[in-house]
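Let's look at how a few labels get attached to a protein structure. Each question below asks for the reasoning behind one of them.

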Amino acid sequence: MGKSLGDFHLTDIFLQTFTHEWETMEIEAERNIIVSKEDLSTIDQLNQEQKIAYHKILSSVYDTTSTAFFVDGPGGTGKTFLYRALLAKIRSQKHIALATVTSGVTTSILPGGKTAHSHFKIPLNDDEGKTCNISKQSSIAQLIKDAKLIIWDDATMAERKAIERFDQLLQDIMSNKEVFGGKTVIFGGDFRQTLSVIVKGKKNDMIDVSLVKSHIWNHLEKIHLTENMRARLDPDFSSYLLRVGNGTEITTNQDEIKIPPGINVPFIDDASSITTLTDMVFEDLYNMAADNTLPINKAILMTRNDFVHEINDILIDKFPGDEKCYLSFDQPLESSGQIQNEDFLHTLMPKGLPPHQLKLKKNCLVMLLRNINPTEGLSNGTRLICREFGNNVQAEITFGSFAKKIVFIPLIPLESPTDDFSSIPFKRTQFPLRLYFAMTINKAQGQTLDYVGLYLKEHVFSHGQLYVALSRAKTATNVKVLI
Ligand SMILES: Nc1ncnc2c1ncn2[C@@H]1O[C@H](COP(=O)(O)OP(=O)(O)OP(=O)(O)O)[C@@H](O)[C@H]1O
């Protein structure tokens, strides 16, 4: 059974030594990131807009006058593609470039990507103090000092205070009062895709806490990408997406956006409509199970976790092959009455945790739920195909720089999220995996999918969420929406 550091009841001195060694390993890995041929090849593929941005940013990196940038572009305009080209160029010259994202969901999309919290120890909320927890003499500070470029993707999802603390940290480490201590920093994102910055916040509350309201905003040189590279083969679809994202698509009297007829799957009843949608998206389920070389890049997107589990259960039952079912070991983190009951804990399904009953089959697609080893390609959000089952799950990485690599996923203890107030705090020991037939819209951010099924079992709470979901697809013919 896997254990966490806390299970060993280590003394403070041991814990400090362990943390120090762990950090040293992480820094060493960061300094030695291997650039894949695929990432290097992105440099020659940049479109005109990306090329101009690429050269402008590189001249800031190598000149003495450094600039901070904001790369703005609707979904699919190749922001990530541009970052990958920049990271590949700088790292291939044996320099350090740090890739940061706001949310753990998107860490796997950038090579060597880590959350801002784990990279720069930025406090996540006000209770944790006002500055980043990094001393000027530490090896992390030295790494930051040595970095030629720092990229922070999805900065539109970050609270401005976090970015202001990051600015203070860089000024302190660099002993330089210029913005970001005179370092070349790129922020990027798409305000149309901002799902929620504050829990249950209204649009104006979200704007108030976002980067645009910070004094830093005016210091950022804006770079705009406009060509939708994801949907470039379907210009009408691309224009429709932009109207949805900009809030200019015509709405009904109830402020609802009409889904074009070709995309819409009419609702008859729950069971038959789900069958229609799943058959459309996964028409080749038998081929997927039989041919372990087939790239699987499709998913059904939904608004809520419990709906996702329902669809995943239906599809794993349909997926041909023998089932392997792993049962988790669940323990409460607080001791009181009802929550002591393990059977009750088994029924809980908070976000970011694997299910109590993890049903898998050979060649089915799963998503990793934790950063096990980002420098070796195992990040939160990494997509894998299950190959063999034993004490570990043997799986193959499907996309990105580590594609085709065989990895072993261990059993680990995972705690329920602290920001999920509907759940009881507990620890689940399970493989950190979830089936990938269906996922929440939130989890799909940053991805490009060959086929998207969208099941809106309840109204999406914002145009932004609808926009994120639809804009994962490349053409209108490869999107189906069931309402
Ligand atoms: N210059 C290019 N040549 C070929 N393909 C490209 C180019 N730029 C982007 N793409 C492809 O277009 C798709 C979308 O690109 P990317 O994910 O970088 O966009 P994005 O702006 O980061 O999107 P999102 O905001 O939705 O995360 C990807 O499949 C990417 O590989």
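**Reasons behind the labels**

Q: What makes the approach of R230 to the ligand a polar contact?
A: In this predicted model, an N or O atom in the side chain of R230 is 3.0 Å from an oxygen atom of the ligand. A polar contact needs a pair of N or O atoms within 3.5 Å, so this pair counts.

Q: How do you know that Q193 makes a polar contact with the ligand?
A: Same cut-off of 3.5 Å: a polar side-chain atom of Q193 sits 2.9 Å from an oxygen atom of the ligand, so the pair passes.

Q: What part of Q45 faces a nitrogen atom of the ligand?
A: A polar backbone atom of Q45, at 2.9 Å. As for cover, the protein hides 84% of the 630 Å² of accessible area that the ligand has on its own.

Q: Which class of residue is most of the shell around the ligand?
A: Polar: the shell has 11 polar residues, plus four nonpolar and four charged. Helix 4 (residues 79–92) gives the largest share, three residues.

Q: Why are helix 6 and helix 7 called roughly perpendicular?
A: They pack at an angle of about 90°. Angles of 65 to 115 degrees count as roughly perpendicular, so the label fits helix 6 and helix 7.

Q: What makes the contact of helix 6 with helix 7 mostly nonpolar?
A: Just count by class: six nonpolar residues, no polar and one charged. Among them are A141 and I144 of helix 6 and L169 of helix 7.

Methods: Residues numbered from 1 in each chain as written. Predicted model: local features only at pLDDT ≥ 70, side-chain atom pairs only at ≥ 80, totals over all residues. Heavy atoms only, no water. Axes fitted to C-alpha atoms, helices over the stretch in contact; angles between N-to-C directions. Helix = DSSP H or I, 4+ residues; strand = E, 2+ residues; numbered from the N terminus. Parallel < 35°, antiparallel > 145°, perpendicular 65-115°, else oblique. Contact = heavy atoms within 4.5 Å. Nonpolar A, V, L, I, M, F, W, Y, C, P; charged D, E, K, R; others polar. Polar contact = N/O pair within 3.5 Å; in protein donor to acceptor, adjacent residues only side chain to side chain. Areas by Shrake-Rupley, 256 points an atom, 1.4 Å probe, with all protein chains shown as cover.
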